[in-house]
Amino acid sequence: MKHEKKHYALTRETPTETITIEGPLEKEELQQYKFHEDLIAFRPPSKQFEAILNISTFPEGRIIIARTNDTIIGYVTYLHPDPLERWSEFKMDELIELGAIEVIPAFRGARIASALLEVSMMDAFMENYIIISTEYYWHWDLNGTKLSIWDYRKVMEKMMAAGGLVPASTDDPEIISHPANCLMVRIGKNVSEHSIKRFNTLRFLQRHKYRNMQGGL
């Protein structure tokens, strides 16, 4: 698959700033901006910015940012699942993962995260992908938001819905280890039935492996 990318942008007005949401951006474009020091959800800001720059060089990699003038205050990443994850087992070129989404605390509640997803899906080429997001409650900022696990999940589901992602069942051990964890999925309009069938096998890989083992007895 040739991973085509088309740039889109929109703006959001807040009481103090005009926020530009745009992407996908290439490495050279991202390097024009500063990475806000409060983007610390996954690793120190300098290390996370380095990781984002790296993702932007992948053929399938997509980085959508939210910025105030020259400072990145939020982002979302898309790339193929990690080779160590079950979701990469079939090496599906049409399967990409929403790997991370983050907005600095000062702009939470301004629907910036939803806008990042909206801009992501403006590119018609996204209809060629199955997009997943694996949500684990231990990654959520429960202390910062003061939300309960279940209230946070409701907020997360509403945000993901802006990009067309909905909860989907799976037998993935990590996801089913806690009832608040979930798999979010968006299946593009151009995805073939064959690809959907393979993805459904991935979703219930434990079940299929068990059936295959029974068939060999």
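This passage describes the strand pairing, salt bridges and nonpolar cores of a predicted model.

Strand 5 makes a convenient starting point. The strand covers residues 71-79, and 9 of its 9 residues are buried. Strand 4 (residues 62-68) is joined to strand 5 by 7 bridges, and the two run antiparallel. Within this pairing, Ala 66 stands opposite Gly 74 of strand 5. Strands 4 and 5 form a hairpin with 2 residues between them. Readers who like to inspect backbone torsions may wish to look at Asn 69, which sits in the turn and has a positive phi of about 55 degrees.

Strand 5 has further partners. With strand 6 (residues 95-103), strand 5 shares 6 bridges in an antiparallel arrangement, and here Tyr 78 is found opposite Leu 98 of strand 6. The pairing with strand 3 (residues 34-35) is parallel and consists of 2 bridges. In that pairing, Lys 34 has Thr 71 of strand 5 as its bridge partner.

Attention now turns to charged side chains. Side chains of opposite charge can pair when their charged atoms come close. A search of the whole structure returns 10 salt bridges. One of the 10 salt bridges joins Asp 123 and Arg 62, with 3.0 Å between the closest N and O atoms. Asp 123 belongs to the loop between helix 3 (112-120) and strand 7 (130-135), while Arg 62 belongs to strand 4, so this pair ties together parts that lie 61 residues apart in sequence. Both Asp 123 and Arg 62 are buried.

A salt bridge is also formed by Asp 172 and Arg 86, whose closest N and O atoms are 3.3 Å apart. This pair links distant parts of the chain: Asp 172 is in the loop between strand 8 (166-168) and strand 9 (182-187), Arg 86 is in the loop between strand 5 and strand 6, and the two are 86 residues apart. Asp 172 has a relative accessible area of 8% and is therefore buried. Arg 86, at 12%, is buried as well.

The setting of Arg 111 and Glu 118 is described by other values. Their side chains meet in a salt bridge with an N to O distance of 3.4 Å. Arg 111 counts as partly exposed because its relative accessibility is 45%, and Glu 118, at 24%, also counts as partly exposed. Arg 12 joins in too, as Arg 12, Arg 111 and Glu 118 are linked in a network of salt bridges.

The nonpolar residues complete the picture. In soluble globular proteins, nonpolar side chains tend to be buried together. The largest nonpolar core of this model holds 49 residues, of which Ile 21, Leu 30 and Tyr 78 touch the most other members. Elements giving two or more residues to this core include strand 2 (18-23), helix 2 (45-55), helix 5 (149-161) and strand 9. Strands 4, 5 and 6 and helix 3 are also among them. Tyr 78 thus appears both in this core and opposite Leu 98 in the pairing with strand 6.

Leaving aside residues up to four places away in sequence, Ile 21 touches Tyr 8, Ala 9, Leu 10, Arg 12, Ile 64, Ile 65, Ala 66, Ala 115, Leu 116 and Val 119. Arg 12, one of these contacts, is a member of the salt-bridge network with Arg 111 and Glu 118. Apart from the largest core lies another, of 14 residues, including Trp 87, Ile 132, Val 191 and Leu 205.

Methods
Residues are numbered from 1 along each chain as its sequence is written. This is a predicted model: local features need pLDDT of at least 70, side-chain atom pairs count only at pLDDT 80 or more; totals for chains, interfaces and linings use all residues. Side-chain values use heavy atoms; hydrogens and water are left out. Buried means under 20% relative accessible area, exposed over 50%, partly exposed in between (1.4 Å probe, protein chains only). Helices (H or I, at least four residues) and strands (E, at least two) are DSSP runs, numbered from the N terminus. Two strands pair if DSSP finds at least two bridges between them. A salt bridge is a side-chain nitrogen of Lys or Arg within 4 Å of a carboxyl oxygen of Asp or Glu. A nonpolar core is a set of buried Ala, Val, Leu, Ile, Met, Phe, Trp, Tyr and Cys residues joined through side-chain atoms within 4.5 Å. Contact means heavy atoms within 4.5 Å.
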